[in-house]
Amino acid sequence: MTTIRTIEELEALYTPAPVAASTVKVAHKMTPHYRRLIEASPFAALATIGPEGIDCSPRGDHPGFVRIHDDTTLMMPDRRGNNRIDSLRNIVRDPRVAFLFLLPGSGTTFRANGRAHLSTDPDLLESFAVDGKPPRSVIVMAIDELYFQCARAIIRSELWNPARHIDPKTLPSAGDILAAMTDNQVGGQSYDQAWPERAKQTMW
């Protein structure tokens, strides 16, 4: 196996250099067009880093769930989950974060990089409440850079093509995976059967 070990080797491989359209799109504060992309997105992957390594966590909510507080600040509520707090633990120890926003039906994806902290300000938490249930914390990101990503990955994957959607019944379920990893002590068919109602009752 041939391994690239220097930036010079890497840049020599990826020629020609990026065209202007790949570089001038980077903004260091909010723009009107980028605002529209964030406000339309119901899903983002949150990337964080800590002493144990890198983590990437799916985050989804109603479109615009990531709030544009001002031209240099984004806010994301931490909705209910499994309480592993991998991403939050990382943010406390290393503020570097990134969001990758998806927009269903659109080839455009959108990236936001910056530095974050966690806020538990009562008024802020209450402002994100849904059905009277506020998040336990809010991720507050100071923007370093914003830019859209070209559509090639979405086009190649046919992500939004219904004909390419996978039938969940052909995949192992959460219950199957848990049962296999715990010698049937956790998970199984009963777990899968109970999960939809449990999720419905604990969504917020």
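## Strand β4

In this predicted model, strand β4 covers residues 73–77, and 5 of its 5 residues are buried, so the strand is largely enclosed by the rest of the structure. Buried here means under 20% relative accessible area. T73, M75 and P77 point one way from β4, while L74 and M76 point the other way. In a regular strand, side chains alternate between the two faces of the sheet.

## Partners of β4

Strand β3 (residues 67–70) runs antiparallel to β4, and 3 bridges join the two. A hairpin with 2 residues makes the connection from β3 to β4. Within this pair, R67 stands opposite M75.

β4 is also joined to β7 by 5 bridges, again in an antiparallel arrangement. Here T73 of β4 stands opposite A142 of β7.

## Strand β5 and its neighbours

Strand β5 (residues 96–102) has 5 of its 7 residues buried, so it too is largely enclosed by the rest of the structure. Strand β1 (residues 43–50) is joined to β5 by 6 bridges, and the two run antiparallel. T48 stands opposite V97 in this pairing.

β5 also pairs with strand β6 (residues 109–119), through 7 bridges and in antiparallel fashion. A98 has N113 in β6 as its bridge partner. The hairpin of β5 and β6 has 6 residues between the strands, and G105 in this hairpin takes a positive phi near 90 degrees.

## Helix α4

Helix α4 spans residues 86–93, and its residues S87, L88, N90 and I91 are buried. Seen down the helix axis, the buried residues of α4 fall within an arc of 160 degrees, so they line one face of the helix.

These buried residues pack against several strands: β1, β2 (53–60), β5, β6 and β7 (138–149). Helix α4 thus shares β7 with β4 as a neighbour, since its buried residues pack against β7 and β4 is bridged to β7.

## The chain as a whole

The protein chain has 8 helices and 7 strands. Its C-alpha trace spans about 55 × 50 × 40 Å along the principal axes. Of the 204 residues, 30% count as buried. Among contacts with a separation of 6 or more, 61% come from residues 24 or more positions apart.

The chain exposes about 13600 Å², of which carbon and sulfur atoms supply 57%. There are 23 positive and 24 negative side chains, and the centres of the two sets lie 2 Å apart.

Definitions and conventions: Residues numbered from 1 in each chain as written. Predicted model: local features only at pLDDT ≥ 70, side-chain atom pairs only at ≥ 80, totals over all residues. Heavy atoms only, no water. Helix = DSSP H or I, 4+ residues; strand = E, 2+ residues; numbered from the N terminus. Buried < 20%, exposed > 50% of the residue type's maximum accessible area, 1.4 Å probe, protein only. Contact = heavy atoms within 4.5 Å. Areas by Shrake-Rupley, 256 points an atom, 1.4 Å probe, with all protein chains shown as cover. Lys, Arg positive; Asp, Glu negative; His and termini not counted. Charge placed at Lys NZ, Arg CZ, Asp CG, Glu CD. Pairing = 2+ DSSP bridges. Arc of directions from axis to C-beta.
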